[in-house]
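Work through the exercises below with the sequence and the model open. Try each task before reading its solution.

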Amino acid sequence: MTSFSTLAPIVLFAYKRPEELQRTVHALQANHLAAMSELHVYVDGPKHPFDLPKVEAVRTIVESITGFQSIHRHYATRNQGLANSIIAGVSQIMNQYGRAIVLEDDLVTSPNFLDFMNQALVQYQDQPQLFSVSGYTFPFKQPADYRAAGYLYPRTGSWGWASWADRWKNIDWELTDYESFIADKARCEYFKQYGSDRLALLKKWREGEIDSWAIRWCYAQAKTQSFTLYPTLSKVTNIGFTFESTNLHGIGRNKKSLDTGERREFIFPDMINNSKYYSHKIRRRYSLPMRVADKVIINSTLIRRWLISKY
């Protein structure tokens, strides 16, 4: 089992979704390592006066959290936005602890999520070519002859993740080299190679159409040509696609396939043993045809929600 001295702090970001947060917290409390872990919760301030009741409901839930070694609560008085909140909060924890496990308030974890993340943080801490650890994976069928509990891919995942301070602290969140990057066709092609959506998302952030910390994190990883470790069986599922949610891009890829959590010891791949099977599967999942299919699902979901709201 992971020893007490190696446990990383958990950082949980919340805003105005009390029902989702309650489910997220309950699942996290059920983790085998919860009672030995420190929990830091960051709650953003209301963006509009009408957001205040839900923000206050979230704060009430946060005040009632138990079941961890220690709990640290951070409440913003003004709305910072998700990107600014995560960048500032994770930076604070990284500076203090050197590593962090990060969740948002719409992610339900398996009971062995913390085991998986902590063991990976220990195994790869001195291997900078491993940029981060993801708790989520697409529901790919695991080949019978594949023994490792994870696979490597050169793209970050933001649905429950972990990383180290030496990977995080050097990120240029302002993308000061953006103009030289966008003019370099080879660099742009490499960036698109591991997800045909990534360049478009980066341009949207640059033009102010989206406020995403995650695509900038993706960009930082691409600059170092490093990898993310994904589990072969997901330790996270996203429950955040409610009627009022603005984060709809993941609906099509969030098929329910969550680890039951009994397994607590994991064998991880080494950095020179990347799986061609998983690389092919995940690259296809981020391809244009699959993203178009996701778009169809998103549109039908929006129509269904609109009809439900009318009746």
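**Exercise 1.** How many of the six residues of strand β2 (residues 38-43) are buried?

*Solution.* The model is a predicted one. A residue counts as buried when its relative accessible area is under 20%. Five of the six residues of β2 meet this condition, so the strand is mostly covered.

**Exercise 2.** Which strands pair with β2, and in which sense?

*Solution.* Step 1: strand β1 (residues 10-14) pairs with β2 in the parallel sense, over five bridges. In this pair, A14 stands opposite V43. The chain gets from β1 to β2 by way of helix α1 (residues 18-29), and this β-α-β crossover is right-handed.

Step 2: β2 is also joined to β3, by six bridges, and these two strands run parallel. Here V41 of β2 faces R73 of β3. Helix α2 (residues 52-64) completes a right-handed β-α-β unit with β2 and β3.

**Exercise 3.** What is the order of the eight strands in the open sheet, and which strands lie at its edges?

*Solution.* Step 1: the order is β3-β2-β1-β4-β8-β6-β9-β7, with mixed pairing.

Step 2: the edge strands are β3 (70-75) and β7 (150-153), each of which pairs on one side only.

Step 3: on average, neighbouring strands of the sheet are turned by 25° against each other, direction ignored.

Step 4: for an antiparallel pair, take β4 (residues 99-104) and β8 (residues 161-164), which are joined by four bridges. R99 has W164 in β8 as its bridge partner.

**Exercise 4.** Which strands do helices α9 and α10 touch?

*Solution.* Helix α9 (residues 214-224) packs on the sheet and touches β6 (130-134), β7, β8 and β9 (227-231). The direction of α9 makes about 140° with that of β6. Helix α10 (residues 276-285) also packs on the sheet, touching β7 and β9, and its direction makes about 60° with that of β7.

**Exercise 5.** Which residues have the most contacts inside the largest nonpolar core?

*Solution.* Step 1: recall that nonpolar side chains tend to be buried together in soluble globular proteins.

Step 2: the largest nonpolar core has 56 residues, and L39, L130, V133 and L229 have the most contacts inside it. Helix α4 (residues 113-123) supplies the largest share of this core, six residues.

Step 3: look at L130. Leaving aside neighbours within four places in sequence, the residues in contact with L130 include Y124, L152, W164 and L229.

Step 4: another core, of 21 residues, lies apart from the largest one; among its residues are I86, I87, W161 and W173.

Conventions
Residues numbered from 1 in each chain as written. Predicted model: local features only at pLDDT ≥ 70, side-chain atom pairs only at ≥ 80, totals over all residues. Heavy atoms only, no water. Pairing = 2+ DSSP bridges. Axes fitted to C-alpha atoms, helices over the stretch in contact; angles between N-to-C directions. Contact = heavy atoms within 4.5 Å. Buried < 20%, exposed > 50% of the residue type's maximum accessible area, 1.4 Å probe, protein only. Right-handed = clockwise from strand over helix to strand, strands pointing away. Core = buried A, V, L, I, M, F, W, Y, C linked by side-chain atoms within 4.5 Å.
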